[in-house]
2 protein chains.
Amino acid sequence: MPIETIPARHGKAVRLSAGQAVEVINTHGTQVVDTWAFCVEDLDHFMSMEHTRVQNGRLMPAIGQTLWTNRREPILMMEADTSSGIHDTIMAACDRWRYEHLGCTEYHRNCADNMVEALAELGLDFHHIPQPLNLFMNIPIDADFTLVQGEPPCKPGDKVVLRAARDCVVVFSACPQDITPINGGKPVDAHFAIHD
Amino acid sequence: MPIETIPARHGKAVRLSAGQAVEVINTHGTQVVDTWAFCVEDLDHFMSMEHTRVQNGRLMPAIGQTLWTNRREPILMMEADTSSGIHDTIMAACDRWRYEHLGCTEYHRNCADNMVEALAELGLDFHHIPQPLNLFMNIPIDADFTLVQGEPPCKPGDKVVLRAARDCVVVFSACPQDITPINGGKPVDAHFAIHD
C-alpha cells in the first residue's frame, strides 16, 4: 500500500476493516502522533486509554497488548513497535485553551481541532475529544510525581503497527506543539501505510 | 454542617456553590472514593484528569493545586489533604464490563453506574463517564510501567478538602470493588461535609 502523509501540524483519519493494520511511521524520529480510534457504527464507542491502562495493568501499551474501548472491548492491537516503546497515555490532546494558557494570543493549530477536522473529512461529526494514545511521546514521571515534557526517544523511521480488532476509524494528528520540547522543538510530517 | 454518608458500594451527588468546600472523609482509612465534578449549566463541561495532569504538570493533584475542566478552567481546588497525598487519576471507573472481565456472572455494583444514579437523584441525566479523581486510591507504577493494585495508604479519618471555583455538582462513589485489594478487601462507607 502507498505511504500517506500526516502533514506537520495537521490531522488525518482513515477507515480500517477488522484484520487490517496501519503502520505509523515517525519519519524524522522527533514527531509525536496523537492517535484515536472510533467504532464505525457508534462514535461514542471509542478507544479509551483509561480502560486500556486497567485492562492491561500497564501505563502504556506494549507489543502484543490490546487497545480497549470505553466498553472494554478490543479495538486495536499493538502488533509491532521498533521504537523505544515509550508512548504517552496520560496527557490530554493540546487544544486552543492549552495554547492560550501558554501565552498564544492568536489561533494555534492543535490536536483536538485536528481530530475534529480529520473526522469531518470522512463525513463524521464528533466533538468529544477522548484521551489520545500519544505515540512516541515521552512524559517521564519523577519520584515526586512531576510530569516532565521530554523529547521523543526515537530514531528516524521508527514504526508502530496497530491491527484492527474490528471495523474502525483511526485518526492521527501530527502534534503542532512547538512551545514545549515534546516534538523536538519543531513539528514535522509523519507518515502511515495500511496493510492487509 | 452535618456529616453525610456515602453508603458502601453506592454514589452520592451534591451541589456546591462557588466558594463552598466539601470535606471528603476516609472514615475507615481503607475506602477509595471515586469523585467527579460537573458544571451546573453544561454537564458536558466537567472536571478532567487528563487536562488537570497537563495543567499542573503532576500525576495527581497536591495541596493548593487546581482541578481543571476539559476546557481548562478551574472547577475545584485541593485545599487540604491529611492523607499521604496518594490519589489515582489514571484508572477508569469500574463498570459492569470490568466485573464481567473479572469473572462476575451476575450484576456487580460499580462506580460508573453509581455516578449515573447519583446524578439522576438530583434530576440530572448524564451517561458519559469521565476519568474520575480516585481519592485515596493507590496505584504504584513499577519501573517497567506495570500498574499495581495497592491498598490505600491512609489512616481512619483522613480527609481531603475540595473548594469549588465555580458552581458545580460533585459526585462521589464509595467504590464497590471487592475483588482486587484497592479497598483493603472490603468496601465500606465514607462520609462528607459541606463547608462555607
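1. Let me start with a glutamate. A:E23 is buried, at a relative accessible area of 13%. Keep in mind as you read that this is a predicted model. The side chain of A:E23 meets that of A:K159 in a salt bridge, 3.5 Å from N to O. A:K159 sits in strand β9 (residues 158-164) of chain A and A:E23 in strand β3 (residues 21-26) of chain A, so this pair ties together parts that are 136 residues apart in sequence. The lysine end is less hidden: A:K159 is partly exposed, with a relative accessible area of 31%.

2. Now for the bridge between two loops. A:E73 and A:R166 pair through their side chains, with N to O at 2.6 Å. A:E73 belongs to the loop between β6 (66-68) and β7 (74-81) of chain A, and A:R166 to the loop between β9 and β10 (168-174) of chain A, so the pair ties together parts that are 93 residues apart in sequence. As for burial, A:R166 counts as buried at 18% relative accessibility, while A:E73 counts as partly exposed at 31%. The pair also has company: A:E41 joins A:E73 and A:R166 in a network of salt bridges.

3. Strand β9 turns up again in another pair. The side chains of A:R163 and A:E79 form a salt bridge at 2.5 Å, N to O. Here A:R163 lies in strand β9 and A:E79 in strand β7, both of chain A, so parts that are 84 residues apart in sequence are tied together. A:R163 is partly exposed, with a relative accessible area of 23%, and A:E79 counts as partly exposed too, at 32% relative accessibility. If you want the overall tally, the structure holds 18 salt bridges over all chains.

4. While you're looking at β9, check A:A164, which also has its place in that strand of chain A. A:A164 is buried, with a relative accessible area of 6%. Leaving out residues up to four places away in sequence, A:A164 touches A:L16, A:S17, A:A18, A:G19, A:Q20, A:I75 and A:L76. A:M78 is 86 residues away from A:A164 in sequence, yet their C-alpha atoms are 9.2 Å apart in space.

5. A few words on chain A as a whole. Chain A has three helices and 11 strands, and from the N terminus on its elements run β-β-β-β-β-α-β-β-α-α-β-β-β-β. For 196 residues a compact globule would have a radius of gyration near 16 Å, and the 15 Å of chain A agrees with that. Along the principal axes, its C-alpha atoms fill a box of roughly 40 × 40 × 30 Å. Buried residues account for 58% of the 196 residues in chain A. Take the contacts in chain A between residues at least 6 apart in sequence: 77% of these join residues at least 24 apart.

6. Over in chain B, how many of the residues of α1(B) are buried? Eight of the eight are, so α1(B) is largely enclosed by the rest of the structure. The buried residues are B:M49, B:E50, B:H51, B:T52, B:R53, B:V54, B:Q55 and B:N56. Their cover includes α1 and α2 of chain A, together with β6 (66-68) and β8 (133-135) of chain B. The residue that follows α1(B) is B:G57, and its phi is positive, near 60°.

7. The largest pocket deserves a look. About 1200 Å³ of space lies in the largest pocket. Of the 47 residues lining the largest pocket, A:F46, A:H128, B:F46, B:H128 and B:I129 are the closest to its centre. β5 (42-46), α1 (49-56), α2 (96-101) and α3 (111-121) of chain A, together with β5 (42-46), α1 (49-56), α2 (96-101) and α3 (111-121) of chain B, each supply at least two residues of the lining. By class, this lining divides into 22 nonpolar, 13 polar and 12 charged residues.

8. Last, the second largest pocket, with about 430 Å³ of space. Which residues are the closest to the centre of the second largest pocket? Of the 29 that line it, they are A:L59, A:I141, B:L59, B:I141 and B:F145. The lining of the second largest pocket has 19 nonpolar, six polar and four charged residues.

Notes: Residues numbered from 1 in each chain as written. Chains lettered and ligands numbered in written order. Predicted model: local features only at pLDDT ≥ 70, side-chain atom pairs only at ≥ 80, totals over all residues. Heavy atoms only, no water. Salt bridge = Lys/Arg side-chain N within 4 Å of Asp/Glu carboxyl O. Helix = DSSP H or I, 4+ residues; strand = E, 2+ residues; numbered from the N terminus. Buried < 20%, exposed > 50% of the residue type's maximum accessible area, 1.4 Å probe, protein only. 1 Å grid on protein atoms, 1.4 Å probe; cavity = no way out; pocket = protein on both sides within 12 Å on 5 of 7 lines; lining within 4 Å. Points joined across faces, edges and corners; volume = space filled by probe spheres on them. Nonpolar A, V, L, I, M, F, W, Y, C, P; charged D, E, K, R; others polar. Rg over C-alpha atoms; globule rule 2.2 N^0.38 Å. Contact = heavy atoms within 4.5 Å.
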